[in-house]
Amino acid sequence: MMESLKTTDSEVYDLIRKELERLEYSIILIASENYVNGAILEVQGSILTNKYAEGYPDRRYYGGCQFLDGIERLAIERACTLFGAEHANVQSHSGSSANMAVMYALLNVGDKVLGMSLAHGGHLTHGASANYSGRFYKPVFYTVSKESERIDYDEVREIALKERPRMIIAGASAYSRILDFERFRTIADEAGAYLFVDMAHIAGAVATGLHPSPIPYAHIVSTTTHKTLRGPRGGLILCKKEFAKAIDQAVFPGTQGGPLMHVVAAKAVALKNAMAPEFRAYQEQIIKNARHLASCLASKGYRIVSGGTDNHLFLVDLSDKRITGMGAERALELSGIMVNKNLIPFDTRGPNTASGIRIGTPAITTRGMKEEAMGTVADMIDTVLKDPENEGVHRTMLERVKGLCKGFPFYPSVLSQ
């Protein structure tokens, strides 16, 4: 029973090993990805994966949960302390399932929801037609201004007063500017709507005071626990006491069965990590790195959507570079640099081709890279995108990337095993 993975299933072991090497020797610029530390890896691979714990502390549907109750209470207490929330549900398997639970708790099928358009930086779960949120509810959308490529709150208000949605969603997956939660709440109150904030991407900055908190303004807030929080892949819901019962019932039994207790425990560890002083320094460096990398690319002739960034990510417009977002993603991946293709506001291409790429700095900042390295990364990106089909460029860049990564090792002890 205690045989190693290498002995038990060499095929899976070999693939994990290859993925480990990819992580160690690639420049990860995907804004929603990060590296977790050894403690979180340890917890997620622990015996906690064995236990069913349907329900909540002191209200389980299975016996033998006393120690798991203690773990979940720790995660709840830490989430409330870190974000200043009245109540937390830590069981959601992902950000998407957290969002589903919020809608399940507050809405009826067919209710109108106002969210940010996916094509302008919103998220799939904010009303996109391919998602449950666009199928079960009636979505309407706000966009960014064509001139500034920022949210026009007057337009949001105009749409809200015309459409009278039951819920307004604030939050994005590809928006690089500060979100005005107070303004959103004013609009929601005027329209008679709930304000739901999905802060998945900016949670680390919110936790450290580097982005205004939605907690004082939103009825309910959701987040992922990975991305800038640097924890396990999972979801989290924060709300006021008046919504606690509805949210808990929406998660279980409404949209999920038993929680993943090994992940809940890892969330508790990540939330404790986020309370440390060095975590704020890390978040500050993420933003410094994003701004410097955007500036370096701009100096090389790349247009940055909205002119820059206030957070951990930004969009690069490639529409004048004779390469699509998809083409750039592929060429950079062949060179050891990981980004994702992304629609830019008012894009004329479809989402599977796109005219832009999204770049984020959480993962490379975790590795210890700072502004000097951002200049090097910008040079690498520019070199590849100037000659994206050149296999010689790809081979040369792979070695350059590996050399840079060796200077910022993250899992070297694992690689040596």
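These numbered points walk through helix packing, pockets and some backbone details of a predicted model.

1. **Helices α5 and α10.** Start with α5, residues 95-106, and α10, residues 244-255. Their axes come within 8 Å and cross at roughly 115°. That makes α5 roughly perpendicular to α10, because angles from 65 to 115 degrees count as roughly perpendicular. The crossing is right-handed.

2. **What touches what in that crossing.** From α5, the contact uses Met100, Ala101, Val102, Tyr104 and Ala105. From α10, it uses Ala246, Ile247, Ala250, Val251, Gly254 and Thr255. Sort these by class and you find nine nonpolar residues, two polar ones and no charged ones.

3. **Helices α7 and α8.** Now look at α7, residues 153-163, and α8, residues 181-191. Their axes are 9 Å apart, and the packing angle is about 20°. Angles under 35 degrees count as roughly parallel, so α7 is roughly parallel to α8. This crossing is right-handed.

4. **What touches what between α7 and α8.** On the α7 side are Tyr153, Asp154, Val156, Arg157, Ala160 and Leu161. On the α8 side are Arg183, Phe184, Ile187, Glu190 and Ala191. The contact has seven nonpolar residues, no polar ones and four charged ones.

5. **The largest pocket.** How much space lies in the largest pocket? About 1,000 Å³. Its lining has 30 residues. Nearest the centre are Ile16, Leu20, Leu23, Leu41 and Tyr411. Three elements give two or more residues each to this lining: α1 (5-8), α2 (10-24) and α3 (38-44). Of these, α2 gives the most, with seven residues. By class, the lining of the largest pocket holds 13 nonpolar, nine polar and eight charged residues.

6. **The second largest pocket.** This one holds about 770 Å³ of space. Its lining has 37 residues. Leu118, His123, Leu124, Ser173 and Arg358 lie nearest its centre. The elements that give two or more residues to the lining are α5 and β14 (340-342). Helix α5 should be familiar: it is the helix that crosses α10. Which classes make up the lining of the second largest pocket? There are 11 nonpolar, 21 polar and five charged residues.

7. **A cis peptide bond.** Most residues other than glycine have a negative phi, and most peptide bonds are trans. Keep that in mind for this point and the next. The peptide bond from Phe252 to Pro253 is cis, with omega near 10°. Where is Pro253? In helix α10. Two residues of α10 that meet α5, Val251 and Gly254, are worth finding while you look there.

8. **A positive phi.** Arg230 is not a glycine, yet its phi is positive, at about 60°. Look for Arg230 in a loop. The strands on either side of that loop are β9 (220-224) and β10 (235-239).

9. **Ile76 and its contacts.** Ile76 lies in helix α4, which covers residues 66-83. Leave out residues up to four places away in sequence, and Ile76 touches Ala88 and Val90. Now pick out Leu334, 258 residues from Ile76 along the chain. How far apart are the C-alpha atoms of Ile76 and Leu334? They are separated by 42 Å.

Definitions and conventions
Residues numbered from 1 in each chain as written. Predicted model: local features only at pLDDT ≥ 70, side-chain atom pairs only at ≥ 80, totals over all residues. Heavy atoms only, no water. Axes fitted to C-alpha atoms, helices over the stretch in contact; angles between N-to-C directions. Helix = DSSP H or I, 4+ residues; strand = E, 2+ residues; numbered from the N terminus. Parallel < 35°, antiparallel > 145°, perpendicular 65-115°, else oblique. Left-handed = near helix turned anticlockwise from the far one by under 90°. Contact = heavy atoms within 4.5 Å. Nonpolar A, V, L, I, M, F, W, Y, C, P; charged D, E, K, R; others polar. 1 Å grid on protein atoms, 1.4 Å probe; cavity = no way out; pocket = protein on both sides within 12 Å on 5 of 7 lines; lining within 4 Å. Points joined across faces, edges and corners; volume = space filled by probe spheres on them.
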